[in-house]
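Please find below my note on the model you sent, set out as numbered points. I would suggest reading it with the coordinates open.

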Amino acid sequence: MENFSSKCSSCGYSYVFSPEKQALVCPQCGSVCAINVPSAMAKKELTPESNVKRNSDASAVYECENCGAKTNVDESSVSGVCPYCGSTNLHSLADAIKFEPDAIVPFQISKSKAREKYKEWLKTRKFVPNKLKSVAKINKMEGCYFPCWNYDFNVQSAYHGVGVNTHTKTVYRNVNGQRVSHSETYETHHPFSGSRFDVFDNYLMSANSQISQNELNALGNFGLQTLKVYSPEFLLGFLSSGFSVDLQEGFKTAKEDAKLEIVSRIKREHSYDDYEKFSVRSVFNSVMWRYIYLPVWICNFNYQKKQYRFLVNGYSGYVTGKVPRSGWKIFGLVFGILLAIGAVVLLALKFS
């Protein structure tokens, strides 16, 4: 962005992006600076030559341990002094944005709100140790803009196979002069074929292994209707990650996932018990793409010398992650069930 400055125009301190105000806020004097960027542009056509344009102004990210300011500076200009508070306690965080995204979903959920969402989510988990529920121990939570590939495409598929249904019938026989029944199963086979047209809009693929595709899916809706044209202003006070899965590789994975989804849709449509000689041929058309940043609060915490992680969707507040389980609570539940079964058995024996 032209003439972009991360310094407050009133006091010279470092701005941070405020999810509540959707603007830049100075922690020192409280000044607010609006961010004026348009909504995200349309996607681009995917060709074998498509790639993300490299940012020639890429720099390194440094964090000041004194005031917490994060700044992108050229390696040759690093003096070891924070430009905002003058502290010499600087440390390098990571490479800055080498490949600028096309669009970004700004954070809507603040750190304090993300912690509240985590505590609410924690109360819904079963067999969580009481200590963890009461303390909700959080070592450090970081807001990170996470890279994703955003695809649009449609798929024309032709399929054929044999559907198998299993049936049960009652058969009667004479055994020693008595009519005895028993059940027999048999199968019926139903050849089928057809074609279908499926549209996949705003298909998201993780572009960095720091967050798996399963975790990304579990985080739910990111409000892609709020996508803005990327501006570095949104990153002030937050971290960002670059992609480790390139554009073409991301689409290969998206295709495989889409094929599995199409197979599931076909099977749900026909509803046979099983399938034989099932084959689907798919052709992908009108493939469009863009490189985007999504907001995620990430927290790693330790509990009894083991590390756990949870993620909070920075747009919706939806939480996913793993938590420790209490062995005593699980044992208590199992023991209670066994006692209840034992009591029922004893009562049955008593009245019989």
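The points below begin with the chain as a whole and then turn to its strands, a helix and one aspartate.

1. This is a predicted model, and the remarks that follow should be read with that in mind. The chain is assigned five helices and 15 strands, and of its 352 residues 39% are buried.

2. On the contacts and surface of the whole chain, two values may be useful. If one takes the contacts between residues at least 6 apart in sequence, 74% of them join residues at least 24 apart. The chain exposes about 20,300 Å², and carbon and sulfur atoms supply 49% of that area.

3. Strand S9, which covers residues 140-175, pairs in the antiparallel sense with strand S10 (residues 178-206), and 27 bridges are found between the two. Within this pairing, valine 171 of S9 stands opposite histidine 182 in S10. The two strands form a hairpin with two residues between them, and in the turn asparagine 176 has a positive phi of about 55 degrees.

4. S9 has a further partner in strand S12 (residues 239-240), with which it pairs in the parallel sense over two bridges. Here cysteine 144 has leucine 239 of S12 as its bridge partner.

5. Which residues does aspartate 152 touch, once those up to four places away in sequence are set aside? Aspartate 152 lies in S9, and its contacts are with Lys43, Phe200, Asp201, Asn202, Ser286, Val287 and Met288. With lysine 43 there is also a polar contact of 3.0 Å between the two side chains. The relative accessible area of aspartate 152 is 17%, and because the cut-off for a buried residue is under 20%, aspartate 152 counts as buried.

6. Helix H1 (residues 111-123) can be checked against the span expected of a helix. At 1.5 Å a residue, its 13 residues should span 18 Å, and since the C-alpha atoms at its ends are 19 Å apart, the model agrees with that expectation.

7. Which residues of H1 are buried? They are Ala114, Tyr118, Trp121 and Leu122. Viewed down the axis of H1, the buried residues fall within an arc of 100 degrees, and they therefore line one face of the helix.

Note on methods. Residues are numbered from 1 along each chain as its sequence is written. This is a predicted model: local features need pLDDT of at least 70, side-chain atom pairs count only at pLDDT 80 or more; totals for chains, interfaces and linings use all residues. Side-chain values use heavy atoms; hydrogens and water are left out. Helices (H or I, at least four residues) and strands (E, at least two) are DSSP runs, numbered from the N terminus. Buried means under 20% relative accessible area, exposed over 50%, partly exposed in between (1.4 Å probe, protein chains only). A polar contact is a pair of N or O atoms within 3.5 Å; within protein, one must be able to donate a hydrogen and the other to accept it, and residues adjacent in sequence count only if both atoms are side-chain atoms. Contact means heavy atoms within 4.5 Å. The expected span of a helix is 1.5 Å times one less than its number of residues. The arc is that of the directions from the helix axis to the C-beta atoms. Accessible areas come from the Shrake-Rupley method with a 1.4 Å probe; for residues, only the protein chains shown count as cover. Two strands pair if DSSP finds at least two bridges between them.
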